[in-house]
Amino acid sequence: MDVKTCSKCKVTKPLTARHWQRDSCNATGWHSQCKTCRREYDRRRDAVRGTRLSRRLAKAADTANARARAAGVPGTLSGLILSGKLTEQNGRCYWCHCRLGSFHVDHKKPLGTAFFCGDNSPDNVCIACPDCNASKAGQPLASWLSRLAERGIRHELQPADMPVQAKLPLPEFNRLKRLTKFLALGLLG
Ligand SMILES: [Zn+2]
Ligand SMILES: [Zn+2]
C-alpha cells in the first residue's frame, strides 16, 4: 500500500481518502498535510475569522450608536444584534442579495432626519453591501428600489422595510414644541 508523510506532523500514513484529502492543485493529486492537520488548520482559521468578524461587528455597532446619539434618536445596537442580522440574511446584502465581503450597517429609514424619522433600533437596521448603502443614501426607499429593479435586482418591499415610528426624534420634537410655544405667545400677545 502506498504511504505518504504529512508535511506538518511528519507522520507517515496510508495514502487513502481516510487520511488524505484530494487536491487537484498539488502535483501528487493529494494535499500535503494529512486530514487531521487540515482539520486543525481549518478550525484555527475559522476561529480567527470569527473573532475578526465579531470585532468588526462590535465596531460597526459602536459607530451606529454614536451617530444615533449625535442625531438624538433612540436605539442601541450591539455586535451580537448585528451578528444575528447577518445570520438572518445568510451573509448576503439585505437589498441586492449579493454575498457580503465588506459590509455597512444600513438604517432602512435614514437616521433621525425630520422627514424619515429613522431610529437606531434593531428593526430599522439591516446589513448592506457598500454599493447599496452608498446609492441608497438620502433617497426615498421606493424610488431607489425601482432604480435597483432597473438593474435587474429585485427586492420585494417588506413591511419591515418601513418600520412604523410613532414618536418624533427628540430634536424634531423639541423644535416643534418651541415653535408651538412661540406661536401661542404670538397669538396671545
Ligand atoms: Zn499531519
Ligand atoms: Zn447590496
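The following exercises, each with a worked solution, concern a predicted model of a protein chain.

**Exercise 1. State how many helices and strands the protein chain has, and give their order.**

*Solution.* Begin with the count: the protein chain has five helices and four strands. Next, read the elements from the N terminus on, which gives β-β-α-α-β-β-α-α-α. Finally, consider burial over the chain: of its 189 residues, 18% count as buried.

**Exercise 2. Compare the expected span of helix α1 with the distance between its end C-alpha atoms, and identify what its buried residues pack against.**

*Solution.* Step one is the expected span. Helix α1 has 37 residues and, at 1.5 Å a residue, should span 54 Å. Step two is the comparison: the end C-alpha atoms of α1 are 53 Å apart, which agrees with the expected value.

Step three turns to burial. In α1, Leu-57, Ala-61, Ala-64 and Ala-68 are buried. A general rule helps here: an α-helix has 3.6 residues a turn, so residues three or four places apart point the same way. The buried residues of α1 pack against α2 (79–88) and β3. Step four concerns the end of the helix, where α1 is followed by Gly-72, a residue with a positive phi near 70°.

**Exercise 3. Determine whether the two sides of strand β4 are covered or open, and describe how β4 is joined to β3.**

*Solution.* First, recall that in a regular strand the side chains alternate between the two faces of the sheet. In β4 (residues 125–128), Val-125 and Ile-127 lie on one side, and Cys-126 and Ala-128 on the other. These residues are all buried, so both faces of β4 are covered. Secondly, β3 (residues 104–107) and β4 run antiparallel and are joined by four bridges. In one of the pairings, His-104 has Ala-128 in β4 as its bridge partner.

**Exercise 4. Name the residues that touch the most other members of the largest nonpolar core, and list the contacts of Leu-82.**

*Solution.* The general background is that nonpolar side chains tend to be buried together in soluble globular proteins. The largest nonpolar core holds 19 residues, and Leu-82, Cys-93, Tyr-94, Ile-127 and Ala-128 touch the most other members. Helix α1 and strand β4 each supply at least two residues of this core. Now take Leu-82 and set aside its neighbours within four places in sequence: Leu-82 is in contact with Leu-57, Ala-60, Ala-61, Leu-77, Val-105 and Ile-127.

**Exercise 5. Classify Leu-100 and Thr-16 as buried, partly exposed or exposed.**

*Solution.* The cut-offs are needed: a residue is buried with 20 or more other C-beta atoms within 10 Å, and exposed with 12 or fewer. Leu-100, in the loop between α2 and β3, has 18 other C-beta atoms within 10 Å and is therefore partly exposed. Thr-16, in the loop between β2 (12–14) and α1, has 12 such atoms and is therefore exposed.

**Exercise 6. Give the phi of Lys-10 and of Asn-90, and explain why each residue counts as exposed.**

*Solution.* Most residues other than glycine have a negative phi. Lys-10, although not a glycine, has a positive phi of about 65°; Asn-90 likewise has a positive phi, near 55°. As to position, Lys-10 is in the loop between β1 (3–5) and β2, and Asn-90 is in the loop between α2 and β3. Lys-10 is exposed because it has 9 other C-beta atoms within 10 Å. Asn-90 counts as exposed because it has 9 C-beta neighbours inside 10 Å.

Definitions and conventions:
Residues numbered from 1 in each chain as written. Chains lettered and ligands numbered in written order. Predicted model: local features only at pLDDT ≥ 70, side-chain atom pairs only at ≥ 80, totals over all residues. Pairing = 2+ DSSP bridges. Core = buried A, V, L, I, M, F, W, Y, C linked by C-beta atoms within 7 Å. Contact = placed C-beta atoms within 7 Å. Expected span 1.5 Å × (residues − 1).
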